Amino acid sequence: MMMGIFSAARRGTAPALLCALTVFAPPAIADDRRIDDAWKAALVDQQGVLSGKQLAIVNAIAYGAAAALLCDGIGIDPDKVAAATTGVLAEGPKDLTEEEELVRYTNIMLMMGTSKGILLSEGALHKADFCANALEAKTSAPAETFWK
């Protein structure tokens, strides 16, 4: 990945990353493991860029954006997304050089885009289930998400 994700930020958070990814991903379908490999590839060399909580926020944004594109009756609030994204970007290590900070920001945005793309793929493969889950999430916890 980009410049090996600066080693100063490595904190060994792979288990937290995997847990965070499952928080906002739709339920796994037993007969479809094609997307699992994409998630694994997306995590390669991403340790230390985000905390588990930050990764959960990034994936929640990606999930909301994917659902808004695929599902009727779901929209995403751009103000909530902007505030959350700014918060994630700002909560990084304070001792980074300008170049390291730019690499970190770039990796975070790439992670968000990758998560959105994989969620779009998962959602499109099982659209009815994906949208039903997203609509349920929207109605059960709207304050904790990025729904409009």
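Two aromatic pairs are held by this structure, which is a predicted model. In one of them, Y63 and F130 meet in an edge-to-face arrangement, with 5.5 Å from centre to centre and 75° between the planes. The two partners come from distant parts of the chain, since Y63 belongs to helix α3 (residues 52-70) and F130 to helix α6 (residues 127-140), and their positions lie 67 residues apart in the numbering. As for solvent, Y63 has a relative accessible area of 7% and is therefore buried, the cut-off for that class being under 20%. F130 has a relative accessibility of 2%, so F130 counts as buried as well.

The other pair again involves Y63, this time with W147, and is edge-to-face too, at 6.1 Å centre to centre and with 70° between the planes. Because Y63 lies in helix α3 while W147 sits in the segment after α6, this pair ties together parts that are 84 residues apart in sequence. Both of these residues, Y63 and W147, are buried. Taken together, the ring pairs join Y63, F130 and W147 into a cluster.

The overall layout gives these pairs their setting. The protein chain contains six helices and zero strands, and reading along the sequence gives the pattern α-α-α-α-α-α. Of the 148 residues in the protein chain, 41% are buried. When contacts between residues at least 6 apart in sequence are considered, 84% of them join residues at least 24 apart.

From the ring cluster, one may follow helix α3, which holds Y63, to its packing against helix α4. Two packed helices are described by the angle between their axes and the distance between the axes. For α3 and α4, the axes come within 10 Å and cross at roughly 150°. An angle over 145 degrees counts as roughly antiparallel, and α3 and α4 are therefore roughly antiparallel to each other. Their crossing is left-handed. On the α3 side the contact involves Q54, I57, V58 and I61, and these meet V81, A84, T85 and V88 of α4. Sorted by class, the residues of this contact comprise six nonpolar, two polar and no charged.

Helix α4 (residues 78-90) also packs against helix α5 (residues 98-125), and here too the axes come within 10 Å, with a crossing angle of roughly 140°. That angle makes α4 oblique to α5, because it falls outside the range over 145 degrees that counts as roughly antiparallel, and also outside the ranges for roughly parallel and roughly perpendicular. The crossing in which α4 passes α5 is right-handed, whereas that of α3 and α4 is left-handed. The residues that make the contact are T85, V88 and L89 from α4, together with R104, Y105, I108, M109 and M112 from α5. By class, this contact has six nonpolar, one polar and one charged residues. T85 and V88 are listed in the contact of α4 with α5, and both also appear on the α4 side of the contact with α3.

Two separations between C-alpha atoms add detail to the relation of α4 and α5. A90, which is found in helix α4, has a relative accessibility of 46% and so counts as partly exposed. The C-alpha atom of A90 is separated by 9.9 Å from that of E101, although the two residues are eleven apart along the chain. T106, placed in helix α5, is likewise partly exposed, because its relative accessible area is 28%. Between the C-alpha atoms of T106 and L89, which are 17 residues apart along the chain, the separation is 9.9 Å.

Further along helix α5 one comes to S115. What is in contact with S115 once its neighbours within four places in sequence are left aside? The residues concerned are W39, N59 and A62. The relative accessible area of S115 is 5%, so this residue is buried. N59 and A62 fall within the residue range 52-70 of helix α3, and the contacts of S115 with them lead the reader back to the helix that carries Y63.

Technical notes
Residues numbered from 1 in each chain as written. Predicted model: local features only at pLDDT ≥ 70, side-chain atom pairs only at ≥ 80, totals over all residues. Heavy atoms only, no water. Axes fitted to C-alpha atoms, helices over the stretch in contact; angles between N-to-C directions. Helix = DSSP H or I, 4+ residues; strand = E, 2+ residues; numbered from the N terminus. Parallel < 35°, antiparallel > 145°, perpendicular 65-115°, else oblique. Left-handed = near helix turned anticlockwise from the far one by under 90°. Contact = heavy atoms within 4.5 Å. Nonpolar A, V, L, I, M, F, W, Y, C, P; charged D, E, K, R; others polar. Phe/Tyr/Trp six-rings, centres within 6.5 Å; stacked < 30°, edge-to-face > 60°. Buried < 20%, exposed > 50% of the residue type's maximum accessible area, 1.4 Å probe, protein only.
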